[in-house]
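Here is a short briefing on one protein model. Please keep the sequence and the 3D view open while reading.

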Amino acid sequence: MKSYSEDERYMKMAITQARKAYALGEVPIGCVIVYEGKVIGRGYNRRNTDKTTLAHAEIRAIAKACRIIGDWRLEGCTLYVTLEPCQMCAGAIVQSRIDRVVMGCRSPKSGSAGTIINILENNEFNHQVELTEGVLEEECTNMLTEFFKELRVRVKAERKAKKEAKK
């Protein structure tokens with residue numbers, strides 16, 4: 001098992017990816033995939049930017065890691081993600097045979113690594129994923145909280161501007 005300090009180091013890299021999403025006005029979720037001590041995949045949320053449901057941080061990182069490895073199987077890899085994977089991403093993680101997931105914080109509305117459902121550790125599937133949670137949880141949670149606070153202010157201002165323009 002990896003040491004907590006090593007997990008923190010890679011989670012900081014995932015947070016750097018999340019900040020890229022934040023800068024685009026996207027929900028700040030970031031991900032890195034590590035194989036034998038080397039980052040082989042990075043991704044951040046780009047759903048609105050790319051206008052596709054599939055542009056989640058984990059999916060983007062998995063696609064890049066598969067290209068580097070040269071296979072769809074990512075055995076021996078650890079995926080670090082700032083927010084608990086949704087059902088789509090958790091399924092992709094299981095399908096790609098990733099050994100371990102390290103997540104920053106839970107997702108109360110779509111969490112599929114234990115909050116709503118646990119796809120990663122479901123014994124009915126042919127592959128289970130070791131799960132470590134709460135790594136740099138406060139930093140991950142604070143970034144998401146700040147983003148949504150700013151988003152609510154921005155949406156409120158846009159609505160007010162639209163109202164004023166109709167007058």
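The points below cover the strands, the aromatic contacts, the charges over rings and the largest pocket.

This is a predicted model. Strand β1 pairs with both β2 and β3. The structure holds 3 aromatic pairs. Its largest pocket has a volume of about 540 Å³.

**Strands**

- Strand β1 spans residues 30-35 and pairs with β2 in the antiparallel sense, over 6 bridges.
- The β1 and β2 strands make a hairpin, with 2 residues between them. E36 sits in the turn and has a positive phi of about 50 degrees.
- Two residue pairings can be picked out between these strands. V32 has R42 of β2 as its bridge partner, and V34 stands opposite V39 in β2.
- Strand β3, residues 77-83, also pairs with β1 in the antiparallel sense, here over 5 bridges. V34 stands opposite T78 of β3.
- V34 therefore faces a residue in β2, V39, and a residue in β3, T78.

**Burial of the strands**

- β1 is mostly covered, with 5 of its 6 residues buried.
- Strand β2 covers residues 38-44, and 5 of its 7 residues are buried, so β2 is largely enclosed by the rest of the structure.

**Aromatic contacts**

- Y22 and F147 form one of the aromatic pairs. Their ring centres are 5.5 Å apart, with 80 degrees between the planes, and the pair is edge-to-face.
- Y22 belongs to helix α1 (residues 4-23) and F147 to helix α5, so this pair ties together parts that are 125 residues apart in sequence.
- F147 also pairs with F148. The ring centres lie 5.1 Å apart and the planes stand at 80 degrees, so this pair is edge-to-face.
- Y22, F147 and F148 make up one aromatic cluster.
- Are F147 and F148 buried or exposed? F147 is buried, at a relative accessible area of 4%. F148 counts as partly exposed, because its relative accessibility is 33%.

**Charges over rings**

- R9 lies over the face of Y10, at 4.5 Å from the ring centre.
- R60 places its charged end over the ring of Y44, 5.5 Å from the centre of that ring.

**Largest pocket**

- The volume of the largest pocket is about 540 Å³. It is lined by 23 residues, and the closest to its centre are V27, L83, S107, S110 and F148.
- Which helices each supply at least two residues of the lining? They are α3 (57-69), α4 (87-95) and α5 (137-166).
- α5 gives the largest share of the lining, 4 residues.
- By class, the lining has 11 nonpolar, 7 polar and 5 charged residues.
- F148 appears under two topics. This residue is among the closest to the pocket centre, and F148 is also part of the aromatic cluster with Y22 and F147.

How values were computed:
Residues numbered from 1 in each chain as written. Predicted model: local features only at pLDDT ≥ 70, side-chain atom pairs only at ≥ 80, totals over all residues. Heavy atoms only, no water. 1 Å grid on protein atoms, 1.4 Å probe; cavity = no way out; pocket = protein on both sides within 12 Å on 5 of 7 lines; lining within 4 Å. Points joined across faces, edges and corners; volume = space filled by probe spheres on them. Nonpolar A, V, L, I, M, F, W, Y, C, P; charged D, E, K, R; others polar. Buried < 20%, exposed > 50% of the residue type's maximum accessible area, 1.4 Å probe, protein only. Pairing = 2+ DSSP bridges. Phe/Tyr/Trp six-rings, centres within 6.5 Å; stacked < 30°, edge-to-face > 60°. Lys NZ or Arg CZ within 6 Å of the ring centre and 35° of its normal.
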